[in-house]
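Welcome! Here is a short briefing to help you find your way around this structure. Have a look at it first, and then we will go through it topic by topic.

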Number of protein chains: 2
Amino acid sequence: MKEERMPFYAVKEFVADIFKNAGLNAAHSEIIADSLICAEARGIKSHGLVRVSTYVSRMECGATNKNANYRIEKIKGAAALLDADNGFGQVAAYYGSKLAVTLAKRYGTGVVGIKNSNHFGIASYYAMLISDNDMIGIVSTNSSPAIAPFGSYIPLLGTNPLAVSIPSKTKKPIVLDMSASVVARGKIRLAKLKNEKIPIGWALDPYGKDTDDPDLALKGSLLPIGGPKGSGLSLVIDLICGVLTGSSFTGEVKNVTDMSGPSKTGHIIMALDISCFNDVNKFKRDIDRVIKKIKSLPSVNNSEIFLPGEIENNAEEKAKSEGIILDPKVREELNKLADKYNLNKIL
Amino acid sequence: MKEERMPFYAVKEFVADIFKNAGLNAAHSEIIADSLICAEARGIKSHGLVRVSTYVSRMECGATNKNANYRIEKIKGAAALLDADNGFGQVAAYYGSKLAVTLAKRYGTGVVGIKNSNHFGIASYYAMLISDNDMIGIVSTNSSPAIAPFGSYIPLLGTNPLAVSIPSKTKKPIVLDMSASVVARGKIRLAKLKNEKIPIGWALDPYGKDTDDPDLALKGSLLPIGGPKGSGLSLVIDLICGVLTGSSFTGEVKNVTDMSGPSKTGHIIMALDISCFNDVNKFKRDIDRVIKKIKSLPSVNNSEIFLPGEIENNAEEKAKSEGIILDPKVREELNKLADKYNLNKIL
């Protein structure tokens, strides 16, 4: 069966319409749709349109507040704390990114902490919003339990992604978006579906032992990259996103699929205005030089070398020009939501 | 042979005196001595007193500028660029940390980029200077080539440490200080000295193949934690510390032992004022709670669980109260320098 590509912007509007018809205001619906289709287009499907039905369900049952009053609780110079009022993480982080850019324009840098938020999708989306302004964007969030503090096997820490986006002159930005675990939980779920074993080193079972059984791994904890390093990175991100902002921390952030109430997730968003450190044109030309230099290095397998985010940038560009391929199951879910909210089906 | 502990503060003054007698001003000599003995006391001996002779040699041959004019080149609001004038990384980063704290007191956050610097020892030293002020300190530096961009085997990136220090109420701070490589090069050098093989996964040989031969590993590249993750983290740190500040980058930072000229290292130093995001007392009590919670988790091997930096904090405290143990070779080197600079030998 040939994969069918659907028009990018039509799908995006369709997703926005679902949120609108489910009762969210238009502006916020557009933000969520844009961030979700961005993830989908970049190939990060685990954070793409597969999430729409969960987000809508959260809204419907009140686990996420669709009438949230996103507001600045504290602001002093270049630092601000935003209270998301249990609204959408996407909306809070979008406003947070805009605020970080505004602060950085005035003060050279801007740091925005966000409290009482929820799952915000891919961190790189917000880092790229910032790097579109000749700034470096750094974004992180805490998340529901997955990784254990080093030495233990009780998952108290999230995979806690760190995203950094750095603009270039003639190319797309360099976009790092990494979690602290060796693999995403999605890969283990996939192995389970396929009835395959997983490699030792991906996860521990619920008793802290190495395991190649995806079932036990899903009940246990994900192993962090570099042992104490990944676990330590996840911890300090949790302390900054969770404790500093006054959100939940160390195991208390609820999973996005847990509809019993607010997840109390915290985010941190930083913008660095390049012009305060260097000539912007020189900086961006230097980044171009770095990209060229790295792309022309000899490779381990005689295969192309990709910069962080390059594969995703290419996929996004292709999706925008040629259309987006939806997983049949995701399309079915979206069509069900269309039915429910009196929209024309996507197909 | 019983290990002999020497008085911490006497050793520190002795080290400062070496720098003073070698022609460095008193204030800068004290800063360097303090940061070196801090690393030594914390058990990070690779960045401790073993470095004294190299630093002094750099000064003597002019590779590091002992009369450097550390100056603020740019400042706007909460962001500043410091030109280290090819002086000591320790002095530049010390001033940079103080400046970041001053900026954060006024603007809630402060970011200081440092250019034209040299090796600054352990990044956590400066992060802890910041966290002593009820702030979170984040410090990084680029460094000489060690890790390859992902997909290649040509080491263009440094191990580029990232340090984060977070204060607590009744305990020492939580101090993450991680490099992007699976192991430090020192571990491979040690294996070579002992004529031992190294595990696959530590390094690649000069042709990009896995190797268990420490000799080939030292000629090749160190493997990053988490593959593209560690390599990507090292890259973005290089771009922020190197390209943003206008220092060297992607393979052009000289090793501290290369006396042929300035290393042109760049650093980045950030301070976040906790009071701009949360009540400081509540924050620090919450960090205490996190420490207690993690320490009381069940452990993989029924052994004590340590927070990031805890082992180092304990070692430093012991060294300060009971004295410091010097490696015989380091002591011999220090005594040689004492002879040269008309000081009483350390023993």
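Let us begin with a single residue: A:Thr54 is buried, with a relative accessible area of 18%, which puts it under the 20% limit for that class. Please keep in mind that this is a predicted model. From A:Thr54 we can move out to the two domains of chain A, then to the meeting of chain A with chain B, and lastly to some salt bridges inside each chain.

**Starting point: A:Thr54**

- A:Thr54 is found in helix α3 of chain A.
- Which residues does A:Thr54 touch, leaving aside its neighbours within four places in sequence? They are A:Val256, A:Thr257 and A:Met259.
- A:Thr54 falls within the 1-61 stretch of domain 1 of chain A, and the three residues it touches fall within the 224-296 stretch of domain 2.

**The two domains of chain A**

- The domain assignment builds each domain from two stretches of chain A: 1-61 and 313-347 for domain 1, 68-181 and 224-296 for domain 2.
- Between the C-alpha centres of these two domains of chain A there are 23 Å.
- On the domain 1 side, 21 residues are in contact with 24 residues of domain 2 of chain A.
- Together the two domains of chain A bury about 2000 Å², and carbon and sulfur atoms carry 67% of that area.
- Which residues of domain 1 of chain A lose the most area to domain 2? They are A:Ile31, A:Tyr55 and A:Arg58, which together account for 32% of what that side buries.
- Nine residue pairs are in polar contact between domain 1 and domain 2 of chain A, counting pairs with both residues at pLDDT 80 or more.
- Three elements of chain A each give two or more residues to the domain 1 side: α2 (26-41), α3 (52-61) and α10 (310-322).
- The largest share of that side, seven residues, comes from α2(A).
- Sorted by class, the domain 1 side of chain A has 10 nonpolar, six polar and five charged residues.
- The rule finds one salt bridge across the interface of these two domains of chain A.
- A:Lys172 and A:Glu317 join their side chains in a salt bridge, with 3.6 Å from N to O.

**Where chain A and chain B meet**

- How many residues of each chain are in contact with the other? The count is 72 residues of chain B and 72 residues of chain A.
- The two chains bury about 6100 Å² between them, with 75% of this on carbon and sulfur atoms.
- B:Lys229, B:Leu244 and B:Phe277 supply 13% of the area that chain B buries against chain A, more than any other three residues.
- Two salt bridges are found across the interface of chain B and chain A.
- In one salt bridge between the chains, A:Lys293 meets B:Glu252 at 3.3 Å, N to O.
- There are also 24 residue pairs in polar contact across this interface, both residues being at pLDDT 80 or more.
- Helix α8 (residues 228-244) of chain B gives nine residues, the largest share of the side of chain B that touches chain A.
- That side of chain B divides into 45 nonpolar, 17 polar and 10 charged residues.

**Salt bridges within the chains**

- Over all chains, the count comes to 38 salt bridges.
- In chain A, the side chains of A:Glu30 and A:Lys20 meet at 3.1 Å, N to O.
- This pair links distant parts of the chain, with A:Glu30 in helix α2 and A:Lys20 in helix α1 (residues 8-21), 10 residues apart.
- A:Glu30 is partly exposed at 27% relative accessible area, and A:Lys20 is partly exposed at 26%.
- A:Asp17 joins A:Lys20 and A:Glu30 in a network of salt bridges.
- In chain B, B:Asp34 forms a salt bridge with B:Lys12, and their closest N and O atoms are 2.7 Å apart.
- Here helix α2 (residues 26-41) of chain B holds B:Asp34 and helix α1 (residues 8-21) holds B:Lys12, so the pair links parts 22 residues apart.
- Is B:Lys12 buried or exposed? B:Lys12 is buried, with a relative accessible area of 14%, whereas B:Asp34 counts as partly exposed at 23%.
- B:Lys282 and B:Asp286 form another salt bridge, at 2.8 Å from N to O.
- Both B:Lys282 and B:Asp286 lie in helix α9 (residues 280-295) of chain B, four residues or about one turn of the helix apart.
- B:Lys282 is partly exposed at 35% relative accessible area, while B:Asp286 is buried at 5%.

Technical notes:
Residues are numbered from 1 along each chain as its sequence is written. Chains are lettered from A and ligands numbered from 1 in the order in which they are written. This is a predicted model: local features need pLDDT of at least 70, side-chain atom pairs count only at pLDDT 80 or more; totals for chains, interfaces and linings use all residues. Side-chain values use heavy atoms; hydrogens and water are left out. Contact means heavy atoms within 4.5 Å. Buried area is the accessible area (1.4 Å probe) that two parts lose on being put together, summed over both. A salt bridge is a side-chain nitrogen of Lys or Arg within 4 Å of a carboxyl oxygen of Asp or Glu. A polar contact is a pair of N or O atoms within 3.5 Å; within protein, one must be able to donate a hydrogen and the other to accept it, and residues adjacent in sequence count only if both atoms are side-chain atoms. Ala, Val, Leu, Ile, Met, Phe, Trp, Tyr, Cys and Pro count as nonpolar, Asp, Glu, Lys and Arg as charged, and the others, Gly among them, as polar. Domain bounds come from an automatic or database domain assignment. Buried means under 20% relative accessible area, exposed over 50%, partly exposed in between (1.4 Å probe, protein chains only).
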